[in-house]
Amino acid sequence: MTIRTFASAAAASIALTGAASAQETFEMTSAFGKNLPILGTAAVNFAEKINSISTEVEFEQFDPGELVPALEALDAVSNGSVDAAYTTSGYWQGKIPAASLFAAVPFGPEAGEFLAWMMYDDGAEMFQRMYDDNGYNVHVIPCGLIAPETSGWFKNEINSVEDLEGLNMRFFGLGAEVMQRLGVSTSLLAGGDIFPALERGAIDATEFSMPRIDARLGFHNIAKYNYFPGWHQPATLFELLINKDRWEDLDDISQNQIEIACMANITDNYAEGEATNFEAMKDNVDNNGVTIKQWSPEMLEAFENAWNDVAGELAAEDAYFKEVWDDLQEFRAGYKVWNDNIYLPRPRN
């Protein structure tokens with residue numbers, strides 16, 4: 001049975017049996033403003049999906065700051081001051097060392113492999129257990145997924161590790177640990193705070209997301225060198241957090257409908273990113289004076305070596321990080337047999 005067929009059948013079942021009660025409204029904060037393509041529109045699209053198939057629950061989307069700031073969403077959902085949040089677990093790295101392993105892993109799995117580990121191996125179970133073991137009263141559902149991001153926007157060319165030393169840079173998740181190892185001072189800023197920080201010189205460089213998304217934030221007006229590939233985020237997973245008490249009060253059909261809407265949202269989110277970023281890259285070059293740069297093999301090796309050191313240290317310091325990291329590495333070793341044999345090589349033109 002397809003997602004669409006299942007959803008239609010579930011909605012019809014409620015209508016025919018008269019099981020629906022008064023509609024439950026969930027106020028959902030988002031980590032990304034709805035003006036941002038791909039990132040922000042994903043939360044809006046999820047709300048539209050679930051509202052179109054459910055007669056018992058309705059989600060109302062709010063931009064960051066309207067209910068709570070983006071970086072406070074986890075605590076707000078856990079304590080019940082907000083019903084739900086569309087966000088990414090990488091924002092909780094300062095609270096939970098393993099959190100970013102469920103968001104984006106440097107030199108880690110790309111979208112298909114990440115989703116495979118999450119949905120058909122141990123990822124989803126470990127994702128929920130992470131929140132449970134750390135005392136957060138939330139239910140988590142994977143609800144969005146994008147392909148690699150750009151590696152960052154720099155005001156000056158970066159030709160060596162020495163060129164990174166002393167830079168102030170906005171950076172996300174585990175990649176920030178790598179950049180710090182290479183002499184960069186990093187800070188985690190919400191999307192709307194990045195351009196003002198670049199403009200006034202508080203930061204020298206930034207990474208945020210994909211070219212189409214970054215274009216909306218105007219980084220190209222200040223930083224003219226856009227680097228690829230996005231080694232720090234080969235794929236990024238987004239989560240729907242729901243207050244666990246609210247979640248457990250829902251009937252099975254409503255819970256299934258929310259999960260199905262998230263699965264549909266993952267497909268939509270991924271496809272939109274893949275379909276629309278090349279136009280933004282072309283516009284940056286043709287109209288915005290941007291130079292697209294590829295990291296040299298030497299720079300990528302430096303990033304990867306630093307990441308291996310960071311991952312080893314985090315695994316030694318935190319037992320749950322190690323458990324998740326080991327599980328993901330075991331899955332990746334198996335997946336490599338498939339990946340190395342089934343896909344065509346990707347020659348560079």
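Q: Two strands pair if DSSP finds at least two bridges between them; with that in mind, what order do the strands of the open sheet of 6 take?
A: In this predicted model, the order runs E7-E6-E8-E5-E9-E11, and the pairing is mixed. Strand E7 (185-187) and E11 sit at the edges with a single partner strand each, so each has one side without a neighbour in the sheet.

Q: What makes E6 and E7 a pair?
A: Bridges do. At least two are needed, and strand E6 (residues 168-170) and E7 have 3, in the parallel sense. One residue to look up is Arg 170, whose bridge partner in E7 is Ser 187. Arg 170 also turns up among the residues that line the largest cavity.

Q: How do you know that E4 and E10 pair, and in which sense, parallel or antiparallel?
A: Again, count the bridges: the cut-off is at least two, while E4 and E10 share 8, in the antiparallel sense. Take Leu 145 as an example: its bridge partner in E10 is Leu 237.

Q: Why is E4 called mostly covered?
A: A residue is buried when its relative accessible area is under 20%, and 9 of the 9 residues of E4 are buried. E4 also helps to cover the buried residues of helix H5.

Q: Which residues of H5 are buried, and what covers them?
A: In helix H5 (residues 123-133), the buried ones are Gly 123, Met 126, Phe 127, Gln 128, Met 130 and Tyr 131. Their cover includes helices H3 (73-79), H4 (111-120), H9 (244-249) and H12 (319-342), along with strands E4 (138-146) and E10 (236-243). Just after H5 comes Gly 135, with a positive phi of about 80°.

Q: How do you know that Ile 38 is buried?
A: Buried calls for under 20% relative accessible area, and Ile 38 comes in at 0%, so the label fits. Ile 38 lies in the loop between strand E1 (24-30) and H2. Its phi is positive, near 70°, though Ile 38 is not a glycine.

Q: Why is Phe 107 called partly exposed?
A: That label goes to values between the buried cut-off of 20% and the exposed cut-off of 50%. Phe 107 has 23% relative accessibility, so it counts as partly exposed. Look for Phe 107 in the loop between strand E3 (84-87) and H4. Phi is positive here too, near 55°, in a residue other than glycine.

Q: What makes Phe 46 and Phe 59 an edge-to-face pair?
A: Two checks are needed: ring centres within 6.5 Å, and planes over 60 degrees apart. Phe 46 and Phe 59 pass both, at 5.2 Å centre to centre and 80° between the planes. Phe 46 belongs to helix H2 (residues 39-53) and Phe 59 to strand E2 (residues 57-62), so the pair ties together parts 13 residues apart in sequence. Both Phe 46 and Phe 59 are buried.

Q: How do you know that Trp 295 and Phe 303 are edge-to-face?
A: The planes must be over 60 degrees apart, and for Trp 295 and Phe 303 the angle is 80°, with 5.1 Å centre to centre. These two residues are buried. They also belong to one aromatic cluster with Phe 107, Phe 154, Phe 171, Tyr 227 and Trp 231. Across the whole structure, the search finds 23 aromatic pairs.

Q: What lines the largest pocket?
A: There are 41 lining residues, and Glu 110, Pro 148, Pro 229, Pro 234 and Arg 346 lie nearest its centre. H10 gives the most, with 7 residues. The lining has 23 nonpolar, 8 polar and 10 charged residues, and the pocket volume is about 1700 Å³.

Q: Which peptide bond leads to Pro 229, cis or trans?
A: The bond from Phe 228 to Pro 229 is cis, with omega near -5°. Pro 229 is in the loop between strand E9 (225-228) and E10.

Q: What makes a cavity a cavity rather than a pocket, and how many are there?
A: In a cavity a 1.4 Å probe fits but cannot get out, whereas a pocket is open. The search finds 1 cavity of 30 Å³ or more. The largest cavity holds about 100 Å³ of space, and its lining divides into 6 nonpolar, 3 polar and 3 charged residues.

Conventions: Residues are numbered from 1 along each chain as its sequence is written. This is a predicted model: local features need pLDDT of at least 70, side-chain atom pairs count only at pLDDT 80 or more; totals for chains, interfaces and linings use all residues. Side-chain values use heavy atoms; hydrogens and water are left out. Buried means under 20% relative accessible area, exposed over 50%, partly exposed in between (1.4 Å probe, protein chains only). Helices (H or I, at least four residues) and strands (E, at least two) are DSSP runs, numbered from the N terminus. Contact means heavy atoms within 4.5 Å. On a 1 Å grid over the protein atoms alone, a cavity is a set of points where a 1.4 Å probe fits but cannot get out, and a pocket is an open set with protein on both sides within 12 Å along at least five of seven lines; lining residues have an atom within 4 Å of a point. Grid points are joined across faces, edges and corners, and a volume is the space filled by probe spheres set on the points. Ala, Val, Leu, Ile, Met, Phe, Trp, Tyr, Cys and Pro count as nonpolar, Asp, Glu, Lys and Arg as charged, and the others, Gly among them, as polar. Rings of Phe, Tyr and Trp (its six-membered ring) pair if their centres lie within 6.5 Å; planes under 30 degrees apart count as stacked, over 60 as edge-to-face and the rest as tilted.
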